[in-house]
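Colleague: Let's go through this structure together. I will ask what each label rests on.

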Amino acid sequence: MALVFQDFLFGYQNALLNSPLNIVFNPSEFVFLFGNNGSGKTSFIKTIAHLISPLSGHITFQNQDVLKWNEKKRAQHFAFLFTKRPFLMQHTVFDLMALGRTPYLNHKGELTHIDQEIIYRYASALNTQNILYTPAQKISDGQLQKVLISKTLVQQTPVIILDEPLSFLDYGTKRNMLETLKKITVAERKIILMTSHDIHLCLPYADKILLFHKNEWEYTSAQNISNTNLFADFLNSTKDN
């Protein structure tokens, strides 16, 4: 069930890293991807999502080539949250969360009792159960962000990839979200990859750190990342900005 990157390079015309990625994400690992703006974090995620073609290498999951999967199979294994906000704001919170069940619906597009139970479960876990039937346009930005994270969890995939999910959340809600995601990672044996600029807030919850900095990369445990020269240089660069 490991997610494996072999000799993997990504970018548009030119590679965003000087050397290819050879890394493994394992079940029950909460992985954080750090890097300054423009370092390639979102491009990396878009390549996994097959929105950008890789420049070289392979992504395998369950010993299968992910980049050869069709859209439905990919959606049953990978759930993504991007920073772009949804346009279906006239729909209720329940409707937005129900979109996470799309890969499993029958030809009529009907939710089963199991689908509904999954929606209610994650609404409770992320404390959005009280706004389930409120139109999305009437909730706050912070509430909407929790709903969008819930939608990725409702998709019930073994791999969840979140691009800046802590945006729009206040400090206390960020901590609660990290604690909840950490528990889900372990209890449901998920691989969760998450980008964030809240470095020091996220470090205590991390199992592994993937760092993109100055076209170089580092992948190691959260306990060891502080000992790397690349991470020290990265922290200094964030102080300068």
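**Labels and their grounds**

Modeller: Start with F8. F8 counts as buried, because its relative accessibility is 0% and the cut-off for buried is under 20%. Bear in mind that this is a predicted model.

Colleague: What makes F5 buried?

Modeller: F5 has 1% relative accessibility. Buried means under 20%, so F5 counts as buried.

Colleague: Why is the pair of F5 and F8 called edge-to-face?

Modeller: The structure holds 18 aromatic pairs. F5 and F8 form one of them, at 5.4 Å centre to centre. Rings pair if their centres lie within 6.5 Å, so that distance qualifies. The planes are 65° apart. Over 60 degrees counts as edge-to-face, hence the label.

Colleague: Which residues do ring pairs link into a cluster with F5 and F8?

Modeller: The cluster also takes in F10, F25, F44, F212 and Y219.

Colleague: F44 brings us to helix α1, residues 41-48. What makes α1 largely enclosed?

Modeller: The count of buried residues. Of the 8 residues of α1, 6 are buried, so the rest of the structure largely encloses the helix. The buried ones are K41, S43, F44, I45, T47 and I48.

Colleague: Take S43 in that helix. How do you know that S43 is buried?

Modeller: S43 has 12% relative accessibility. The limit is under 20%, so S43 counts as buried. Beyond its neighbours within four places in sequence, S43 is in contact with F10, Y12, L16 and I52.

Colleague: What follows α1?

Modeller: H50, with a positive phi near 70°.

Colleague: Why is a positive phi worth a remark?

Modeller: Because most residues other than glycine have a negative phi. Q156 also has a positive value, near 55°, and is not a glycine. F168 is another non-glycine with a positive phi, about 75°.

Colleague: Where do Q156 and F168 lie?

Modeller: Q156 is in the loop between α5 and β7. F168 is in the loop between β7 and α6.

Colleague: Why is Q156 called partly exposed?

Modeller: Its relative accessibility is 25%. Buried needs under 20% and exposed over 50%, and partly exposed is in between. Q156 therefore counts as partly exposed.

Colleague: And what makes F168 partly exposed?

Modeller: F168 has a relative accessible area of 46%. Exposed would need over 50%, and buried under 20%. F168 is therefore partly exposed.

Colleague: Now helix packing. Why are α4 and α5 called oblique?

Modeller: Helix α4, residues 113-125, packs with α5 at about 135°, their axes 9 Å apart. Roughly perpendicular covers 65 to 115 degrees, and roughly antiparallel starts over 145. The angle fits neither, nor is it under 35 for roughly parallel, so the helices are oblique. Their crossing is right-handed.

Colleague: Which residues make the contact?

Modeller: I118, I119 and Y122 come from α4. S150, L153 and V154 come from α5.

Colleague: T152 is in α5 as well. Is T152 buried or exposed?

Modeller: Buried, because its relative accessible area is 1% against a limit of under 20%. Leaving aside neighbours within four places in sequence, T152 is in contact with A79, F80, L81, I160 and L162.

Colleague: Which members of the largest nonpolar core touch the most other members?

Modeller: F32, F34, M97, L178, L181 and M194, out of 48 residues. Helix α5, residues 141-154, supplies the largest share of this core, 6 residues. A second, separate core has 29 residues, including L33, W69, I161 and F212.

Colleague: What does L181 touch?

Modeller: F30, I149, L153, L162, I192 and M194, not counting residues up to four places away in sequence.

Colleague: One last residue, N26, in the loop between β2 and β3. Why is N26 called partly exposed?

Modeller: N26 has 29% relative accessibility. Partly exposed sits between under 20% and over 50%, so N26 counts as partly exposed.

Colleague: How far apart are N26 and V159?

Modeller: In sequence, 133 residues. In space, 9.7 Å, C-alpha to C-alpha.

Colleague: What does N26 contact?

Modeller: A2, K190 and I191, with neighbours within four places in sequence left aside.

Technical notes. Residues numbered from 1 in each chain as written. Predicted model: local features only at pLDDT ≥ 70, side-chain atom pairs only at ≥ 80, totals over all residues. Heavy atoms only, no water. Helix = DSSP H or I, 4+ residues; strand = E, 2+ residues; numbered from the N terminus. Buried < 20%, exposed > 50% of the residue type's maximum accessible area, 1.4 Å probe, protein only. Contact = heavy atoms within 4.5 Å. Phe/Tyr/Trp six-rings, centres within 6.5 Å; stacked < 30°, edge-to-face > 60°. Core = buried A, V, L, I, M, F, W, Y, C linked by side-chain atoms within 4.5 Å. Axes fitted to C-alpha atoms, helices over the stretch in contact; angles between N-to-C directions. Left-handed = near helix turned anticlockwise from the far one by under 90°.
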